[in-house]
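Q: Hello! I have a protein model open and would like to learn how to read its features one at a time. Could you guide me through them?

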Amino acid sequence: MPHFPWDAFFISTGLVSIAEIGDKTMLLPIVLAAAWRRPAPIILGILVATLANHAVAALAGSVLARFMDGDWVRWVVGIAFLGFGVWALIPDRFDETPDTTEKTFAGVFWTTTAAFFLIEMGDKTQVATAMLAARFQDIVVVVAGSTLGMMLVNGPAVLLGEAAAKRLPLKWIRIAAAVGFAATGLWVLLAG
């Protein structure tokens with residue numbers, strides 16, 4: 001019976017969920033939920049967008065790892081995660097508000113999917129997914145873990161709305177994310 005790579009799954013889930021708290025892609029679902037009050041199409045849109053976005057990121061990370069020798073991958077991934085640690089300390093700003101005119105299930109779903117996919121491009125959770133795929137060389141497990149991490153944060157953000165997000169100590173959560181990324185970077189560099 002094949003061994004499931006739980007380490008890749010749990011590390012992907014944990015790092016992405018911590019990094020997502022307070023991120024602009026967490027703020028988008030709060031704004032959408034406040035504007036449209038249609039949680040089901042918003043959550044489904046986030047799920048579809050995250051799966052597509054993180055699949056592209058993981059594929060890119062996996063391809064990158066194939067063109068580099070083992071030591072190069074270790075150094076690139078390790079240094080990238082140390083950089084993510086610094087990046088996680090920088091607060092995101094979200095200035096856009098959704099158009100509140102389209103309220104059908106399909107309209108809310110497709111608007112959420114497109115907005116979330118685009119806003120996630122180049123985001124630290126997408127880049128982290130690419131680096132995790134390069135490190136673990138398992139696209140499906142990394143995408144499953146990173147998508148679960150995104151949904152663990154963004155699902156409740158939709159359901160709880162803006163009031164809950166205002167009560168989270170985002171400064172401390174950013175610090176925890178920075179420490180998690182830096183610890184992962186050091187682990188990759190030192191443990192190989």
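Q: Which residues form one aromatic cluster here?
A: The cluster is made up of Phe-4, Trp-6, Phe-9 and Phe-10. Keep in mind as you look that this is a predicted model.

Q: How should I read a pair of rings inside such a cluster?
A: A pair of aromatic rings is described by two things: the distance of the centres and the angle of the planes. The count for this model comes to six aromatic pairs. In one of them, Trp-6 and Phe-9 meet edge-to-face, at 6.0 Å centre to centre and with 85° between the planes. That angle earns the name because planes over 60 degrees apart count as edge-to-face.

Q: Where do Trp-6 and Phe-9 sit relative to each other along the helix?
A: Both belong to helix α1, residues 6–20, and because they are three residues apart there, about one helical turn separates them. Phe-9 also pairs with Phe-10, again edge-to-face, at 5.5 Å centre to centre with 70° between the planes.

Q: Are Trp-6 and Phe-9 buried or exposed?
A: To decide, look at relative accessible area: under 20% is buried, over 50% is exposed, and values in between are partly exposed. Trp-6 has 45% and so counts as partly exposed. Phe-9 has 14%, so Phe-9 is buried.

Q: How many helices and strands does the protein chain have?
A: A good way to begin is to follow the elements from one end of the chain to the other. This chain has eight helices and zero strands. Starting at the N terminus, the order reads α-α-α-α-α-α-α-α.

Q: What can I say about the chain as a whole?
A: Try looking at burial, surface and contacts in turn. Of its 192 residues, 47% count as buried. The accessible surface comes to about 9,600 Å², and 71% of that belongs to carbon and sulfur atoms. As for contacts between residues at least 6 apart in sequence, 94% join residues at least 24 apart.

Q: Which residues show that kind of link between distant parts of the sequence?
A: Compare the separation along the sequence with the distance in space. Glu-20 and Met-151 are 131 residues apart in sequence, yet their C-alpha atoms are 9.6 Å apart. Trp-110 and Val-48 are 62 residues apart in sequence, with 9.7 Å from C-alpha to C-alpha.

Q: Is Glu-20 buried or exposed, and what does it touch?
A: Glu-20 lies in helix α1 and is buried, with 0% relative accessibility. Leaving aside neighbours within four places in sequence, its contacts are Thr-25, Met-26, Phe-116, Asp-123, Thr-125, Met-150, Val-153 and Asn-154.

Q: Which other buried residues could I practise on?
A: Try Thr-50 in helix α3, which is buried at 1% relative accessible area. Not counting residues up to four places away in sequence, Thr-50 touches Ala-55, Phe-116, Thr-147 and Met-150. Another is Ser-146 in helix α7, buried with a relative accessible area of 0%. With neighbours within four places left aside, Ser-146 is in contact with Ser-12, Thr-13, Val-16, His-54 and Thr-129.

Q: What should I look for on the outside?
A: Look for nonpolar side chains that gather on the surface. Here Leu-44, Leu-47, Leu-51 and Phe-105 form a nonpolar patch, with about 310 Å² of accessible area together. Helix α3, residues 39–66, gives the most to this patch, with three residues. Leu-47 sits in helix α3 and is partly exposed, at 31% relative accessible area. For an exposed residue, turn to Trp-110 in helix α5, residues 105–120, which has 55% relative accessibility and so counts as exposed.

Q: Where is Gln-137, and what is its phi?
A: Backbone angles are worth checking in loops too. Gln-137 is in the loop between α6 (124–136) and α7 (139–167). Its phi is positive, about 55°, although Gln-137 is not a glycine. With 38% relative accessibility, Gln-137 counts as partly exposed.

Q: Where does the charged end of Arg-135 sit?
A: For this kind of feature, look at where the charge lies with respect to a ring. The charged end of Arg-135 is over the ring of Phe-136, 5.3 Å from the ring centre.

Key: Residues are numbered from 1 along each chain as its sequence is written. This is a predicted model: local features need pLDDT of at least 70, side-chain atom pairs count only at pLDDT 80 or more; totals for chains, interfaces and linings use all residues. Side-chain values use heavy atoms; hydrogens and water are left out. Patches are made of residues with over 30% relative accessible area and no salt bridge: like charges are joined within 9 Å, nonpolar side chains (Val, Leu, Ile, Met, Phe, Trp, Tyr) within 5 Å. Accessible areas come from the Shrake-Rupley method with a 1.4 Å probe; for residues, only the protein chains shown count as cover. A salt bridge is a side-chain nitrogen of Lys or Arg within 4 Å of a carboxyl oxygen of Asp or Glu. Helices (H or I, at least four residues) and strands (E, at least two) are DSSP runs, numbered from the N terminus. Buried means under 20% relative accessible area, exposed over 50%, partly exposed in between (1.4 Å probe, protein chains only). Contact means heavy atoms within 4.5 Å. Rings of Phe, Tyr and Trp (its six-membered ring) pair if their centres lie within 6.5 Å; planes under 30 degrees apart count as stacked, over 60 as edge-to-face and the rest as tilted. A charge sits over a ring if NZ of Lys or CZ of Arg is within 6 Å of the ring centre and within 35 degrees of the ring normal.
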